[in-house]
Amino acid sequence: MPESETTALKARLIEALRTLFDPEIPVNVYDLGLIYELDADESGQVRVRMTLTSPGCPVAQSFPETV
């Protein structure tokens, strides 16, 4: 995948992440800073490194899969 397509894919991923809101705070996960790293390689495979708002987050088991 050319770099321009990778950049476009990242932009679409960020747009999608901005539609997912933390269940405890009414802010999307991207703007809240829960996404530490977002990479897409030339094959289109995506890697997301993220955190949760707290260790006791009630959706700790399911939210990463949602993202």
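## Contacts along the chain

Let's start with how the chain meets itself. Among contacts between residues at least 6 apart in sequence, 38% join residues at least 24 apart. Please keep in mind as you read that this is a predicted model.

## Overall layout

The chain has 2 helices and 2 strands. Read from the N terminus on, these elements follow the order α-β-β-α. Helix α1 covers residues 3-17 and strand β1 covers 35-40, with a loop between them. Strand β2 takes in residues 46-50.

As for dimensions, the C-alpha trace spans about 40 × 20 × 15 Å along its principal axes. The chain is made of 67 residues, and 21% of them count as buried. Its accessible surface comes to about 4,500 Å², and carbon and sulfur atoms account for 51% of that area.

## Charges and salt bridges

The chain carries 5 positive and 11 negative charges, and the mean positions of the two groups are 3 Å apart. The structure holds 3 salt bridges.

Let's take the bridge in the loop to begin with. Arg18 pairs with Asp31, and their closest N and O atoms are 3.0 Å apart. Both residues sit in the loop between α1 and β1, and the pair links distant parts of the chain, 13 residues apart. Arg18 is partly exposed, with a relative accessible area of 38%. Asp31 also counts as partly exposed, at 45% relative accessibility.

## A network across two strands

Now for the strands. Glu37, Arg47 and Arg49 are linked in a network of salt bridges. In one of these bridges, Arg47 meets Glu37 with the closest N and O atoms 3.0 Å apart. Arg47 lies in strand β2 and Glu37 in strand β1, so this pair ties together parts that are 10 residues apart in sequence.

Arg49 forms a salt bridge with Glu37 as well, and here the closest N and O atoms are 3.6 Å apart. This pair links strand β2, which holds Arg49, with strand β1, which holds Glu37, across 12 residues.

How open are the members of this network? Glu37 is partly exposed, with a relative accessible area of 25%. Arg47 is partly exposed too, at 45%, and Arg49 counts as partly exposed at 42% relative accessibility.

## A buried charge in the loop

One more residue is worth a visit: Asp22, in the loop between α1 and β1. Which side chain of opposite charge is nearest to Asp22? That is Arg18, 15 Å away, and Asp22 is buried yet has no salt bridge. A salt bridge needs a side-chain nitrogen of Lys or Arg within 4 Å of a carboxyl oxygen of Asp or Glu, so at 15 Å the side chain of Arg18 does not make one with Asp22.

What surrounds Asp22 instead? A polar atom of the Asp22 side chain lies 3.1 Å from the backbone nitrogen of Ile25. Leaving aside neighbours within four places in sequence, Asp22 is in contact with Val27, Val29, Leu32, Leu34, Thr53 and Phe63.

How values were computed
Residues are numbered from 1 along each chain as its sequence is written. This is a predicted model: local features need pLDDT of at least 70, side-chain atom pairs count only at pLDDT 80 or more; totals for chains, interfaces and linings use all residues. Side-chain values use heavy atoms; hydrogens and water are left out. Helices (H or I, at least four residues) and strands (E, at least two) are DSSP runs, numbered from the N terminus. Buried means under 20% relative accessible area, exposed over 50%, partly exposed in between (1.4 Å probe, protein chains only). Contact means heavy atoms within 4.5 Å. Accessible areas come from the Shrake-Rupley method with a 1.4 Å probe; for residues, only the protein chains shown count as cover. Lys and Arg count as positive and Asp and Glu as negative; His and the chain ends are not counted. The place of a charge is taken as NZ of Lys, CZ of Arg, CG of Asp or CD of Glu. A polar contact is a pair of N or O atoms within 3.5 Å; within protein, one must be able to donate a hydrogen and the other to accept it, and residues adjacent in sequence count only if both atoms are side-chain atoms.
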